[in-house]
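This report looks at the surroundings of one ligand and at some positions that a database record annotates.

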Amino acid sequence: MKYLSIIGSTGSIGTQTLEIVRSNSDLGVTALAAGKNIDLLEQQIREFSPKIAAVYDEQKAKELKVRVQDLDVRIVSGMDGLLETAGEPSCSIVVTAIVGMIGIRPTIAAMKAGKDIALANKETLVTAGHIIMPMAEKLGVRIYPVDSEHSAIFQCLQSGDRKDLDSLIITASGGPFRNKTKEELAYVTVEDALKHPNWSMGRKITIDSATLVNKGLEVIEAKWLFDVDFDHIHVVVQPQSVIHSMIQYKDGSVMAQLGTPDMKLPIQYALFYPEHRPLAGERLDFAAMKEISFFKPPEDVLRGLPLARRAGRMGGSMPTVFNAANEKAVALFLDRKIRFLDIYDIIEDAMDAHTNIENPSLEQVLETEQWVYEHIESR
Ligand SMILES: NC(=O)C1=CN([C@@H]2O[C@H](COP(=O)(O)OP(=O)(O)OC[C@H]3O[C@@H](n4cnc5c(N)ncnc54)[C@H](OP(=O)(O)O)[C@@H]3O)[C@@H](O)[C@H]2O)C=CC1
Ligand SMILES: CC(=O)[C@@H](O)[C@H](O)COP(=O)(O)O
Ligand SMILES: [Mn+2]
């Protein structure tokens, strides 16, 4: 049996991970964690019988404790609760399905407890990749990518020799606004931005796809996961999201991973690597497919990628500034406090105002996050 701890079990990745548990009898759940959705968490506890469950919100945790007093489960809360669920001794692999850089400390706690990581929470690698990757190597734990592009690259890398790799080619859907002008984008609504053409995901990442910030985060994530420099990480728009990403070898040979847009595949592969276990669902029908097309990313209008490349190349605390400013700006946009294009201005302004810290410690990464929030609030 393989037992999972799922940090962020009530979200899009979390609930799809639990679907995979339902269809694999050798998977179990030993720990669950969520932010505040105790209705769904209670259902999950009743169905999957974890030993421990964390709710970040203290008040909601108290409510849940009363609701599940008939069960043999320990309810914990706050950051300490997340750290405990991440390091639960009986777990074999931790799925980081939480959104945002709040995932850094649980990921580190899991690694320190010797757990492998199925990593969906890209913000952790973007902001703390310089801490996480050497720590994983030192502790001998593995990080399996869940993000679809990184899973595609990881799958492509299974054949061939790593020393012959030339470059990574990350695909982007382009989001709902890929053909829009700056003028057209000025007054798009939250509802417009939440209409992803191909994927059904949480709200924050869906906005990131619309701004192309998601692709920027993924470029930095790929640098850490695959140890490839930014000059060798390319992005191409592939509007149908049929090709999930590609790699190119030094002889020009290109390997691609294709599939329907279904996150259960990369999640399951991360949990059972190197097995390609049976998975129910639609299959690609090539004869019925009208086209697989490619375009250059519209970087002048959707500025997420150039801003991310600038932050990534500077390194140090700048990727944290890029990420934290984006997290705050997306929250403000979802609250209808700013307009869509303001997201870029908020990120750029925070990056311009920041004095970069080289090789920041975990404390400095978290202080930088706070600095960004205060800087944005004082604007
Ligand atoms: N969705 C997708 O298809 C993909 C997602 N990813 C990445 O995976 C991560 C999760 O994305 P997604 O599933 O879409 O996000 P969702 O918004 O759907 O889910 C987020 C999860 O995190 C939990 N959470 C939020 N804040 C806290 C907190 N303070 N403490 C504990 N738990 C918390 C939420 O709990 P609650 O429900 O209680 O608020 C929820 O379970 C992100 O980093 C995203 O970029 C990567 C590739 C694809
Ligand atoms: C499913 C997944 O991995 C998302 O990160 C997805 O890639 C978002 O689509 P975009 O290509 O539009 O950012
Ligand atoms: Mn992705």
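## The shell around ligand 2

In this predicted model, the shell around ligand 2 is made up of four nonpolar, five polar and three charged residues. Its members are Asp147, Ser148, Glu149, Ala172, Ser173, Gly175, Trp199, Ile205, Ser209, Asn214, Lys215 and Met263. Helices α7, α10 (203-211) and α11 are the elements that each supply two or more residues to this shell.

The unreviewed UniProt entry lists, under "binding site", the residues Lys122, Ser148, Glu149, Ser173, His196, Ser209, Asn214, Lys215 and Glu218. Two of these listed positions, Ser148 and Glu218, are set out below with their helix and their C-beta neighbour count.

| Residue | Helix | Other C-beta atoms within 10 Å |
|---|---|---|
| Ser148 | α7 (residues 148-156) | 23 |
| Glu218 | α11 (residues 213-226) | 29 |

Ser148 counts as buried because 23 C-beta neighbours lie inside 10 Å, where the threshold for that class is 20 or more. When neighbours within four places in sequence are left aside, Ser148 is in contact with His244, Met263 and Pro266, and of these contacts Met263 is also listed among the residues around ligand 2.

Glu218 is likewise buried, because 29 other C-beta atoms lie within 10 Å of its own. Not counting residues up to four places away in sequence, Glu218 touches Lys122, Asp147, Glu149 and Ile170. Among these partners, Lys122 and Glu149 appear in the "binding site" listing of the UniProt entry, while Asp147 and Glu149 belong to the residues around ligand 2.

Notes: Residues are numbered from 1 along each chain as its sequence is written. Chains are lettered from A and ligands numbered from 1 in the order in which they are written. This is a predicted model: local features need pLDDT of at least 70, side-chain atom pairs count only at pLDDT 80 or more; totals for chains, interfaces and linings use all residues. UniProt positions are given in the numbering used here, feature names are shortened, and annotations may be inferred rather than shown by experiment. Helices (H or I, at least four residues) and strands (E, at least two) are DSSP runs, numbered from the N terminus. A residue is buried if 20 or more other C-beta atoms lie within 10 Å of its own, exposed if 12 or fewer, and partly exposed in between; C-beta atoms are placed from the backbone. Two residues are in contact if their C-beta atoms, placed from the backbone, lie within 7 Å. A residue is near a molecule or strand if its C-beta atom, placed from the backbone, lies within 6 Å of it. Ala, Val, Leu, Ile, Met, Phe, Trp, Tyr, Cys and Pro count as nonpolar, Asp, Glu, Lys and Arg as charged, and the others, Gly among them, as polar.
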